[in-house]
Amino acid sequence: MRVYFTKEIFMLIAFICLFICLYALPSIILAFLQIKHIKLELQKPAILLESEDYKQAGDYAIASLRLDILTHLFEILTFSLWVIFGLHFLSLWLESTLGAFSPLWREIALVLGFMIIGSIIEMPFSIYKTFFLDKKFGFSKQTPSLFIIDTLKNLALSIVIGGIIVCLLVLIIENVALWWFVGFLALLGIVILANLIYPTLIAPLFNKFTPLNDENLKSRIESLMNTIGFKSNGIFVIDASRRDGRLNAYFGGLGKSKRVVLFDTLLDKISADGLIAILGHELGHFKHKDILKNIILMSCMLFVLFFIVGHLPQSLFSALGLAQNGAGVLLIMLLISPMIAFFFLPIMGYFSRKAEYKADEFGASLSSKNCLANALVRLVNENKSFPSSHPAYIFFYYTHPPLLQRLKALDYDLQH
């Protein structure tokens, strides 16, 4: 029996092979390299952490990487199913179910349906990581009720905000000649707007923000911010301990929406001097305009994504069983975005790691090298972060330099 391969079949096979070769397979190889590296490092004497914590950090990293490998293998399966028949089936089903609605509403429903189904498919991995892996190693403090509430809030936001964005992009794609460029500008504007509203409108939906009531610490932080002219709309503590035991702090927002955010876990574990050193590092990012640089890099990635999708052949839409309309364009964009993002990771990581060194230097100038180094060591101990990684893994995934290199730059004596 002779099997005939049509042009459409060859195109689908090529599309799946591109996803595997440009994203899934490299990700799996990097995970295996990192696992091998950690196993070798675990045979050596512990560094920065106590022996028991060092082993626990390594075991957790390996378990997380194995879950990543399984996730990527599952992504190959789901991508293939979507490409071979899933998109076409979903499109036909929604067209028959929502036939009474306008084409615009059906297109919005198609894109949102794809995103929601994808989230549901991925949920078992999220549940396993939260309630089994992270619980086992003492990180997650999530309760089933809180997890369900968070999931429902995310779903509601995805439908409302995602629906508005999809509607806007569909209208641009179907009514503007140079739609890929105008669509890029529109989505970039949405990204900037999201940074503006996230600290004050989105984040409070998930965490309780309480003004810092330690007047002495508040005074020191305000004095620190005044040294470089950083103006914020407040210093807040969030109830991060409801979900996770790890430590963090950040400056969120842009313009007048900027605020200092401290995890309640951080206040319990880090000294005031250490906290000032960490915030000094974060202020270094503000002084060096790193947020603006990150937005520029993000805009480059979005531009490439829109340019590629804007110049795809009509035959690809036909092979996928999609109309060459706004929804079809956005669905293909969602399918190929992991591949584009993966190859932008090293570029963004390179500039981010350079920025981290400069921020460390600035943070140390506001306190001392020793104070910042001790705070970083405290963080790695509390968060049980494994301190060593494979060079290839660092090249692709690390937005911060490896801690050992950061400590070396801060003249920290690794022997004490």
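**Exercise 1. Classify K289: buried or exposed?**

Solution. K289 has a relative accessible area of 52%, so K289 is exposed. The cut-off for exposed is over 50%. Next, place the residue. K289 sits in the loop between α8 and α9, the latter spanning 290-309. Last, look at the backbone. K289 is not a glycine, yet its phi is positive, at about 55 degrees. These values come from a predicted model.

**Exercise 2. Find where D411 lies, then describe its backbone and its exposure.**

Solution. Start with the location: D411 belongs to the segment after α14 (403-409). Its phi is positive, about 60 degrees, although D411 is not a glycine. Then check the surface. The relative accessible area of D411 is 58%, so D411 is exposed.

**Exercise 3. Determine how α6 and α8 are arranged.**

Solution. Two packed helices are described by the angle between their axes and the distance between the axes. Take both values. Helix α6 covers residues 215-226 and helix α8 covers residues 272-287; they pack at an angle of about 30 degrees, and their axes are 10 Å apart. That angle makes α6 roughly parallel to α8, because angles under 35 degrees count as roughly parallel. Now the handedness: α6 passes α8 in a right-handed crossing.

Which residues make the contact? On the α6 side they are L217, R220, I221, L224 and M225. On the α8 side they are A272, D273, L275, I276, L279, G280 and L283. Sort them by class. The contact of α6 with α8 has nine nonpolar residues, one polar residue and two charged residues.

**Exercise 4. Do the same for α9 and α11.**

Solution. Helix α11 takes in residues 326-366. The axes of α9 and α11 come within 9 Å and cross at roughly 150 degrees. Angles over 145 degrees count as roughly antiparallel. The crossing of α9 and α11 is right-handed.

List the contact residues next. From α9 come D290, L297, M298, C300, M301, V304, L305, F306, I308 and V309. They meet V329, M333, I336, S337, I340, A341, F344, I347, M348, F351 and A355 in α11. By class, the contact of α9 with α11 holds 19 nonpolar residues, one polar and one charged.

**Exercise 5. Work out the surroundings of D134.**

Solution. D134 is part of helix α3, residues 103-136. Its relative accessibility is 6%, so D134 counts as buried; the cut-off for buried is under 20%. Now set aside the neighbours within four places in sequence. D134 is then in contact with Y60, K129, F139, S140 and R246.

**Exercise 6. Place N370 and relate it to D214.**

Solution. N370 lies in helix α12, residues 369-383. With a relative accessible area of 45%, N370 is partly exposed. Compare sequence with space. N370 and D214 are 156 residues apart in sequence, and their C-alpha atoms are 25 Å apart.

**Exercise 7. Match record annotations to the model.**

Solution. Begin with the record. An unreviewed UniProt entry lists transmembrane regions, among them residues 152-173 and 291-309. Check each span. Residues 152-173 are 100% helix and 0% strand, with end C-alpha atoms 30 Å apart. Residues 291-309 are also 100% helix and 0% strand. Their end C-alpha atoms are 27 Å apart.

Then take the domain. The unreviewed UniProt entry gives "CAAX prenyl protease 1 N-terminal" for residues 48-208. That span is 85% helix and 0% strand, and its end C-alpha atoms lie 33 Å apart.

Note on methods:
Residues numbered from 1 in each chain as written. Predicted model: local features only at pLDDT ≥ 70, side-chain atom pairs only at ≥ 80, totals over all residues. Heavy atoms only, no water. Axes fitted to C-alpha atoms, helices over the stretch in contact; angles between N-to-C directions. Helix = DSSP H or I, 4+ residues; strand = E, 2+ residues; numbered from the N terminus. Parallel < 35°, antiparallel > 145°, perpendicular 65-115°, else oblique. Left-handed = near helix turned anticlockwise from the far one by under 90°. Contact = heavy atoms within 4.5 Å. Nonpolar A, V, L, I, M, F, W, Y, C, P; charged D, E, K, R; others polar. Buried < 20%, exposed > 50% of the residue type's maximum accessible area, 1.4 Å probe, protein only. UniProt positions renumbered as here; feature names shortened; annotations may be inferred.
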